[in-house]
Amino acid sequence: MSVILPADLPGYGLRLVAYVPNEDKKLGLLPFPLSFEAAAPLNDVSSLRLDYSSHAPGADLLAQPCEIALEYLAGGDWVEPPGGRFLRIKRGSDVTDQAGKRSYTCPGYAWAFKKAVLYPTAGMVDGKRQFNAVPVGAVLRTLIDEAKARGALEGMTAEFSSSTDSNHQAWATKLTIALDPGVDLLTLLLNLSDQGVIDWRMRGRALEVFNEGTVMACDRSAGPALVDLRLGRDVDQAPDDATLEDLSTAILIAGENGFTHEIANDPSASPWGRWETYQQQGGVSDAGTAAALGQAALSRASGERVQITRAVVFDEARWLPWANYAPGDKVLAPGDGGRMEPLRIRQVTLSRAGDGKLSGNLVLNDRFLEDDIKLARKSAGILAGGVSSGGSGTTPAPDSSGRVPAPPPGLIVEPDAYLDTTGYAQGIAVVTWGPVTADVNGVALDVDGYEVYARPNAGSGLWYLVAQTASGDVSASVSPLNVDSEYAFKVRAVGNDGTKGVFSAPVAVLVPNDPWPPPVPSAPTLTTRLGVIHVAWDGLGAGGVVMPIDFERVRVWMQDPLAPGAAEVGYLTAAGVVVIPDQPYGKPRAVWLTAVDRSGNESAATSPKVIATAPLVDADLIGQVIDGAEHIIDGTIPGDAKITADSITGRLIRALAIEADKIAANAITADKVAAGAIQASHVAANAIEADKVAANAITADKISANAITAAKIAADAINGKTITGGTITGAYLRTASSGQRIEVAPPGASLPEIRFTSSSGGQASITAGGSFGTGIEIVGSADSFGRRFTLVQSASLFEVKYRYSGSSQANGGFMELRDSGTKVGWYGSGIEDENYFEFSDYGYGPRTTHIGRWNHLSAGPRWGILTGRLTVGDGYGGMRINYPTTLMTVPNPVAGVKHAVDSVPNFRWCLSNNTFSSFDVDWQVDPDATNRTNYGKEVFFWIFRT
């Protein structure tokens with residue numbers, strides 16, 4: 001079997017293929033390795049370690065020098081990934097091993113670039129090969145083309161030119177660089193990628209080189225190309241190695257001739273206070289350059305650094321190496337502590353053990369490590385120069401100076417920004433040129449040094465001498481400069497006799513402002529009271545980092561999450577609280593923070609937090625009866641307003657405050673007196689006279705059991721009066737003989753029943769027993785059409801339905817709950833009118849059924865599902881499906897397209913332009929189809945919000 005696949009993993013596999021060196025001719029498969037491990041790092045040489053038995057098929061292919069290709073399979077054809085070609089150049093074995101194991105160490109094909117070196121040529125300067133202000137591709141192609149002309153790099157191809165990269169984009173940087181003879185191409189590639197000039201990789205034997213941060217820096221951490229590596233699905237083991245060993249809060253830069261400069265951060269950034277470090281930098285003699293270097297070094301040492309390694313899972317993974325992501329890509333993955341965050345893949349390593357199982361891991365960089373890399377490149381550029389992004393394209397103001405030494409060639413200027421001690425941005429420019437070795441007539445000449453001049457790039461302003469170097473130094477740093485300002489630079493050589501040479505052609509650049517945003521702030525803390533939201537911030541960045549010296553403020557943002565429209569509602573310059581007043585009760589508000597520095601750079605936002613204010617009293621009273629949730633508005637409680645029962649108790653009334661003349665006649669009725677509240681001892685003799693008791697005021701429910709005894713009833717006290725509440729005859733009880741009444745066990749009832757009759761004659765009832773066992777049925781009063789609601793409750797059924805009188809069938813809304821399932825929906829007059837959901841378990845496992853049709857003719861903004869079918873006539877190239885309303889969030893359409901008439905499909909189609917209110921379906925006739933008629937189309941769609 002030639003495919004190296006774990007037995008339980010048919011979806012992803014690896015295999016090894018042997019090739020003839022420098023040819024595309026396959027020698028054959030290597031089907032039975034004992035084990036192997038392949039590593040593909042970003043911008044570096046890949047590697048393969050392979051163990052193979054000398055008794056296994058394919059061992060003979062490894063007995064000779066060959067190339068080995070690693071190929072992967074992920075649901076399609078076998079593919080050789082970038083960095084997947086290796087050289088079998090090193091082997092080891094033990095003759096006493098009965099298994100005949102042979103071990104092979106195979107570097108990636110890029111290792112062969114060590115065998116192509118730079119040869120000296122005519123026109124060397126100080127024994128070095130000089131390249132002056134040329135694109136980086138021109139330098140690389142020069143070395144490659146010259147090596148090929150000598151017969152080296154025979155099988156290798158370069159997939160780029162002197163003017164464009166492998167993506168056919170113009171080179172973004174120029175180099176002025178002097179190379180020593182003997183430097184090899186691999187060293188140059190590694191140095192240029194370390195400097196942040198290029199990204200490179202091998203594809204087979206082809207070298208691909210790109211502008212840094214473009215093709216090999218795909219952002220797959222968000223958007224339609226999202227790759228989210230989830231714990232337990234795509235990755236499992238997740239070790240984090242963190243260290244504070246490099247933490248520093250102060251750095252002392254030591255330059256030329258005793259020059260020193262200190263850069264310090266707030267010592268609270270370190271748990272142990274001030275930690276110091278020292279950095280010696282030859283050639284640095286001004287505070288601006290020292291500040292730029294020191295700030296970059298402190299930024300790299302500002303906090304804990306974490307090495308993140310994640311083990312790859314294959315059996316359940318959604319995303320797989322090379323098939324979905326590659327070194328250099330940024331993906332969403334579990335970072336330090338398992339939090340999902342954007343991380344850059346620095347290396348992919350895959351291996352196969354002796355049991356045939358695949359395993360692997362990813363080395364990931366968080367944004368802090370990526371920033372460290374950029375800062376290190378910035379420092380290297382300040383010190384060494386030689387690389388320029390080409391400036392701003394500004395045209396220099398004219399000038400026409402000239403002297404005897406020839407003008408320096410290849411002048412390039414790379415501007416940057418740094419922060420001064422007060423946190424304000426200042427500019428720095430690294431000026432680099434080629435050495436002068438002759439006078440203006442081409443006669444050899446030794447020079448004593450160089451002078452760098454600069455001026456604001458405006459008209460014919462004066463030039464100022466801004467730097468001087470010795471004869472061997474062809475680079476200088478100039479600072480401080482004004483940011484967001486244009487400057488022109490030129491340089492000239494000075495002969496040994498002091499004669500001034502001819503100036504180079506001026507180069508003008510725009511000095512940028514500080515490009516580095518402050519850290520994302522720590523998450524805000526939200527609280528609310530009385531319609532006011534309090535937003536608290538602790539003054540730190542995410543992860544507890546200290547805000548940098550140029551931090552200006554944190555902006556507080558808020559919006560209604562149901563009606564997006566962010567607005568700044570306040571700001572903080574240090575730890576504190578922002579108060580947001582006048583917020584409506586119960587309405588959610590999303591709040592987040594961003595940090596801004598003095599250059600206007602703004603950080604990414606914190607994750608929004610949502611809060612809603614809550615009133616202390618019923619919201620219906622606010623603004624109507626209660627002003628500001630504290631005071632009662634005058635006149636809002638009228639004199640005839642009702643006081644609820646039991647709201648005024650004895651403890652709230654001052655003794656003797658209510659006098660007899662304050663009580664209106666008949667104001668105190670029986671329903672105002674609590675049972676047992678008036679006892680015999682409270683009533684004075686003859687205090688209650690007949691004229692003080694209203695007719696029928698004392699009813700049976702006002703009299704305690706046994707409260708009226710014979711001794712309490714005066715002779716002839718009940719005389720010709722009736723007792724309201726009517727008649728008790730056997731088991732039949734009624735509250736009245738006619739009109740509005742309640743009847744218990746009415747005559748003719750076959751089951752226990754309570755019947756309620758209104759004054760208009762409508763009836764409702766509660767019935768127990770019968771087919772409901774110990775349950776009950778509640779039947780509501782019918783309307784003028786005989787419709788009513790019924791409710792049934794028993795041990796195995798709870799049912800509510802709207803139905804016609806005389807029928808048990810629902811005709812309207814209903815809900816039916818049984819031990820075996822649930823139905824909820826609406827019944828009409830016929831089968832086609834039924835529309836309901838059924839959730840059931842009839843021995844096949846839980847199932848959900850929907851009976852009815854879906855609505856796409858009308859909708860509200862909060863609808864979750866719309867579905868339907870639309871048609872369009874012949875000749876159209878697409879259709880826009882407009883929703884009946886603008887939805888609250890952008891929904892997710894699922895659609896299908898077919899010919900409106902039965903015909904063989906002859907077209908291609910896709911979804912596009914999805915918005916809050918519509919989406920588009922576009923199609924075109926397949927040019928390869930036999931029948932090219934553009935028939936009308938039917939679009940079937942299902943739209944859902946998440």
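Helices here are DSSP runs of H or I with at least four residues, numbered from the N terminus. With that settled, here's a quick tour of a predicted model, starting with α1 and what it leans on. Right after α1 comes Gly151, which has a positive phi, near 100°. Further on there are a few backbone oddities to look at: a cis peptide bond from Ser479 to Pro480, plus positive phi values at Ala133 and Asp484.

**Helix α1 on its own**

- α1 covers residues 136-149, so to speak a 14-residue run.
- From first C-alpha to last, α1 reaches 20 Å, close to the 20 Å expected at 1.5 Å a residue.
- On the buried list for α1 you'll find Val136, Gly137, Ala138, Val139, Leu140, Leu143, Ile144 and Ala147.
- Those buried residues pack against a mix of strands and a helix: β9 (129-135), β10 (157-158), β11 (174-179), β12 (198-203) and β13 (206-211), along with α2 (185-194).

**How α1 meets α2**

- Two packed helices are described by the angle between their axes and the distance between the axes.
- For α1 and α2, the axes come within 11 Å and cross at roughly 165°.
- Angles over 145 degrees count as roughly antiparallel, and α1 and α2 are therefore roughly antiparallel to each other.
- The α1 and α2 crossing is left-handed.
- On the α1 side, the contact is made by Val136, Val139, Leu140, Leu143 and Ile144, while α2 brings Leu185, Leu188, Leu189 and Leu192.
- Sorted by type, the residues of this contact come out as 9 nonpolar, no polar and no charged.
- The α1 residues in this contact, Val136, Val139, Leu140, Leu143 and Ile144, also turn up among the buried residues of α1.

**Backbone spots worth a look**

- Most residues other than glycine have a negative phi, and most peptide bonds are trans.
- The peptide bond from Ser479 to Pro480 is cis, with omega near -5°, and Pro480 sits in strand β28 (residues 475-481).
- Ala133 isn't a glycine, yet has a positive phi of about 50°.
- You'll find Ala133 in strand β9, one of the elements that the buried residues of α1 pack against.
- With a relative accessible area of 25%, Ala133 is partly exposed.
- Asp484 is another non-glycine with a positive phi, near 55°, and lies in the loop between β28 and β29 (485-495).
- Exposed means over 50% relative accessible area, so Asp484, at 52%, counts as exposed.

Definitions and conventions. Residues numbered from 1 in each chain as written. Predicted model: local features only at pLDDT ≥ 70, side-chain atom pairs only at ≥ 80, totals over all residues. Heavy atoms only, no water. Helix = DSSP H or I, 4+ residues; strand = E, 2+ residues; numbered from the N terminus. Expected span 1.5 Å × (residues − 1). Buried < 20%, exposed > 50% of the residue type's maximum accessible area, 1.4 Å probe, protein only. Contact = heavy atoms within 4.5 Å. Axes fitted to C-alpha atoms, helices over the stretch in contact; angles between N-to-C directions. Parallel < 35°, antiparallel > 145°, perpendicular 65-115°, else oblique. Left-handed = near helix turned anticlockwise from the far one by under 90°. Nonpolar A, V, L, I, M, F, W, Y, C, P; charged D, E, K, R; others polar.
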